[in-house]
Amino acid sequence: MLHCCIFLCGAALMIIELTGSRILAPFLGTSLVVWTSLIGVILASLSLGAWWGGMLADRQPQPRLLGRIVLLSAWATAAIGLSKTWILEALQSTGGLHTVTLAATVVLFAPAAVLLGMVPPFAVRLCLRDSEHGGRIAGSLYAVSTVGSIVGTFLAGFVLIAWVGSTAILFITAAVLALAAWMADSGAKPLKAASIALFLLALYFLHQQDLWLARQGFFDRDTPYNRVLVYTGREEGSGRLTREMVTGPQGRQSAMYLDDPVELALPYTRFYRLFEYYRPEARRMLVLGGGGYSFPKYALAHYPNLQIDVVELDPGITGLARSHFDLADHPRLRLVEEDARTFLRKVEQPYDVILCDVFNSHYSIPFHLVTVEAVRLLRAALRPDGVVLVNLLASPEGTSSGFYKTLRATFATEFPAIRAYAVTDPADPQLWQNILLAGGRVLPDHLPDDPTLRAMLAHRLPEPGGVWPPFTDEYAPVDRLLGEFRLRTSASGNRDS
């Protein structure tokens, strides 16, 4: 029974760690900083737990004490689910990304990890009968714990996160740990049974809450690659009802008017209309990043000769776009579930226009899509007179401009003509806002007849000064550039297409 307890504790630890990334994502993103903090804090907690557990085991080598430790870890796991939202909301705007992420992971995950770290050395001490077989006993118990961690890793990554909500996973894991506490020590059965019952009851009420929120238009879904929130909002100023999608911190990633699903709701998506100016005779368009599929829907309705391919890595995102954002099959629309860079390697027929909308948030930038090597693939996938339009979130100048300036320099290595447009206000160089980057081998300079397009072109930004080494596959310090400024509370959107 003790070996079963060790196995379950090892599995629970990895389930908590992987689920932790989904818990942090809506508030802090999924950047390297977040993963580093999560892994580092849990490893430090395990080290502390191993030392503490070994010390307690020498003083009181009793199964009853081990059972209490495991039961406490169950309650610490449940506490993550109960407190995560208000803790993360309280910490979100208190400092820089590194500081906030470290503080959040310590407060939320360290207690459970410390307690689970105490279990293996305590179990070794309980099983140790003589020094002659000490190594074999310790090795077998740690092997069982490691196998449990492996099972927990694959179970969480391949099954639980894709099919069960993050909070529900925590309550299920807490119930399993309470069962493991009973395996460690068969005493105090009423307390352990009551704990299991309470965790399962919390799981039931959570399910009922999800059903109630769904009736109110709020959906919290874990997909294979993201934690996604979908809810009903109201546009500031006009008061029009919208359906919005959030996959990361700081704003909406998609939005749709409920009274007109085809109209472009977010300002930066309207700037994609600049392709009419750069490539008015376009027949083939590639959209990297699906989101709520706003611009593909708009393009299908307004450009009858345009064939559109959309590459979206996450099938869960596409499923939500179908169920909540009026995405429907169309003879001129092709959907591809694949990584954008992998798809670009296989393009045989070049495109007239490529729209890049793959940055979930300013703290979740896939670095392999911003390097010189990736830009070279973009250029190869374009016709000689084609244009690529890239949406990003930064400020033209100041502490939050490093990513924009470096990305612009990266695109300039492959595209001789580069222009950038501030979506909100080009007159305020310190304003953190959506910026649309346009690149091509040759770009026109004449003014278009369409007054809307002329107004967008008036948002052009001057070329930044200084020397900015481009991103490469070998060295792309995206997380450092994006982490040089404090977390913000802007409500501007940053992803939707």
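This is a short talk on one buried serine, one covered helix and the cavities in this structure.

Okay, quick ground rules: this is a predicted model, where local features need pLDDT of at least 70, side-chain atom pairs count only at pLDDT 80 or more, and totals for chains, interfaces and linings use all residues. Numbering runs from 1 along each chain as its sequence is written, and side-chain values use heavy atoms, with hydrogens and water left out.

Let's start with Ser 145, which sits in helix H5, residues 134-163 (helices are DSSP runs of H or I, at least four residues, numbered from the N terminus). Ser 145 has a relative accessible area of 12%, so it counts as buried (under 20%, with a 1.4 Å probe and protein chains only). Leaving aside residues up to four places away in sequence, Ser 145 touches Ile 6, Gly 10 and Pro 120 (contact means heavy atoms within 4.5 Å).

Next, helix H10, residues 294-302: seven of its nine residues are buried. Among them are Lys 297 and Tyr 298.

Now, cavities. A cavity here is a set of points on a 1 Å grid over the protein atoms alone, where a 1.4 Å probe fits but cannot get out; lining residues have an atom within 4 Å of a point. The count comes to three cavities of 30 Å³ or more, and the largest has a volume of about 90 Å³ (the space filled by probe spheres set on the points, which are joined across faces, edges and corners). So what lines the largest cavity? Its lining includes Leu 288, Cys 356, Phe 359 and Phe 411. Helix H12 (340-344) and helix H13 (372-380) are the elements giving two or more residues to that lining.

Definitions and conventions
Buried means under 20% relative accessible area, exposed over 50%, partly exposed in between (1.4 Å probe, protein chains only). On a 1 Å grid over the protein atoms alone, a cavity is a set of points where a 1.4 Å probe fits but cannot get out, and a pocket is an open set with protein on both sides within 12 Å along at least five of seven lines; lining residues have an atom within 4 Å of a point.
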